[in-house]
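Please read the points below alongside the sequence and the coordinates. They go from single residues to the chain as a whole.

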Amino acid sequence: MRTLFVVSGGDAPGINTVLAHYTALATAHGDEVFGAQGGFAGILAGQIEPLTPALITPWAGQSGSYLLSSRDPVLKQAEARERLTAALSGHAIDNVILFGGDGTLRYVSPLLSEWGIPCIGLPTTIDNDIAGTEQTLGFDSACNYAYQAIDGILATGHALHNRIFTLETLGGNTGFLALEIAWGAGAHAVLVPEYPYDNDWLAERLKRTVGRHGYALLVHSEGIPASRTLAEDIFKWTDIRVRDTRLGHAQRGAKPSHGDRALAAHMARLAYQALRDGVRTGTVVVRQGKPLLHEGLLQGYPARLPSRDLYDQINGDER
Ligand code: F6P
């Protein structure tokens, strides 16, 4: 069996771990593994290379992705189907394993399925916003990365008082990352794009928290409308020093955590087994905490929302 890995869209911690686990497993069984450099655009440009344990094992714990990704919508082009199937058959590729976020699984997987290309999708994004799975590859590492920054903020916040700290996480237009991080870190308030908030409420809450503890920690997603001006706004409303930290893309390039490495190992095994079993379209998902293979496309699941319960608890608790 000759399997091709493709990364489409934003990279995420854990991709290299999957590549290493899968390559070790497949080659031990006499199967061959390949990687596309540059997503589907790379395949169409003939950029397909063999992956071996000797090559990829040293990458297992590295951030980012050994395989270059791409967001070029080349599959929308006329004759993309012919060009893609020709490129795959040119390398005698039997099937594809696809790393991708919401857009990739929603648009690319159905296309490959319609074109008769066997494909297993691996939900991969730090944003954790894919309907039909509870956890995406990369999310756990992105949370862990934020805790390192927060530990530093809490240390200085405790030592020198009278400051409000804002911490902006990635997450695109979703708040899963910010909410989970705020919850785990015991933040004094959290703001996410999915739930509106009131400026006066926020100012009062932060002022009260500084009065009580000497500092306050507000975690917010990059996707809230006021994200870029929030620190200045809060200073105007409260007259308390505001110090903002933006995790930015350093968060996406976080070192893979234990949780993501363990998920990566499950993804590799489940994908390999599915392809050996002749599954033509599938996605590795996490349901009730358990990684498993979802046969067929991941369609028809209602969009997920960050937990309103956690949101209300973080913003409701007076600590
Ligand atoms: O992959 C998801 C994500 O990292 C979001 O959290 C972020 O908003 C976005 O991608 C940034 O994308 P880029 O900088 O690659 O356009």
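1. Asp239 sits in the loop that runs between helix H9 (230-238) and strand E9 (241-246). The model is a predicted one, and in it the phi of Asp239 is near 60°, a positive value in a residue that is not glycine. Asp239 counts as exposed because its relative accessibility is 63%, where the cut-off for exposed is over 50%.

2. Gln288 also deserves a look. Its phi is near 50°, again positive in a residue other than glycine. The residue belongs to the loop between strand E10 (281-287) and strand E11 (290-295). With a relative accessibility of 79%, Gln288 counts as exposed.

3. A positive phi is also found at Gly30, just after H1, with a value of about 85°. Here the residue is a glycine, whereas Asp239 is not and neither is Gln288.

4. Helix H1 covers residues 15-28, and its length can be checked. At 1.5 Å a residue, its 14 residues should span 20 Å; the C-alpha atoms at its ends lie 20 Å apart, so the two values agree.

5. How many of the 14 residues of H1 are buried? The count is 10, so the helix is largely enclosed by the rest of the structure. The buried positions are Ile15, Asn16, Thr17, Val18, Leu19, Ala20, Tyr22, Thr23, Leu25 and Ala26. A residue is called buried here when its relative accessible area is under 20%.

6. Turning to the whole chain, its secondary structure comes to 12 helices and 11 strands. The radius of gyration is 22 Å, close to the 20 Å given by the globule rule for 319 residues, so the chain is as compact as a globular protein of that length. Along the principal axes, the C-alpha atoms fill a box of roughly 65 × 40 × 35 Å.

7. Of the 319 residues in the chain, 54% are buried. Among contacts between residues at least 6 apart in sequence, 75% join residues at least 24 apart.

8. The accessible surface of the chain is about 13,700 Å², and carbon and sulfur atoms account for 50% of this area. As for charge, the chain has 27 positive and 33 negative charges, and the mean positions of the two sets are 3 Å apart.

Note on methods
Residues numbered from 1 in each chain as written. Predicted model: local features only at pLDDT ≥ 70, side-chain atom pairs only at ≥ 80, totals over all residues. Heavy atoms only, no water. Helix = DSSP H or I, 4+ residues; strand = E, 2+ residues; numbered from the N terminus. Rg over C-alpha atoms; globule rule 2.2 N^0.38 Å. Buried < 20%, exposed > 50% of the residue type's maximum accessible area, 1.4 Å probe, protein only. Contact = heavy atoms within 4.5 Å. Areas by Shrake-Rupley, 256 points an atom, 1.4 Å probe, with all protein chains shown as cover. Lys, Arg positive; Asp, Glu negative; His and termini not counted. Charge placed at Lys NZ, Arg CZ, Asp CG, Glu CD. Expected span 1.5 Å × (residues − 1).
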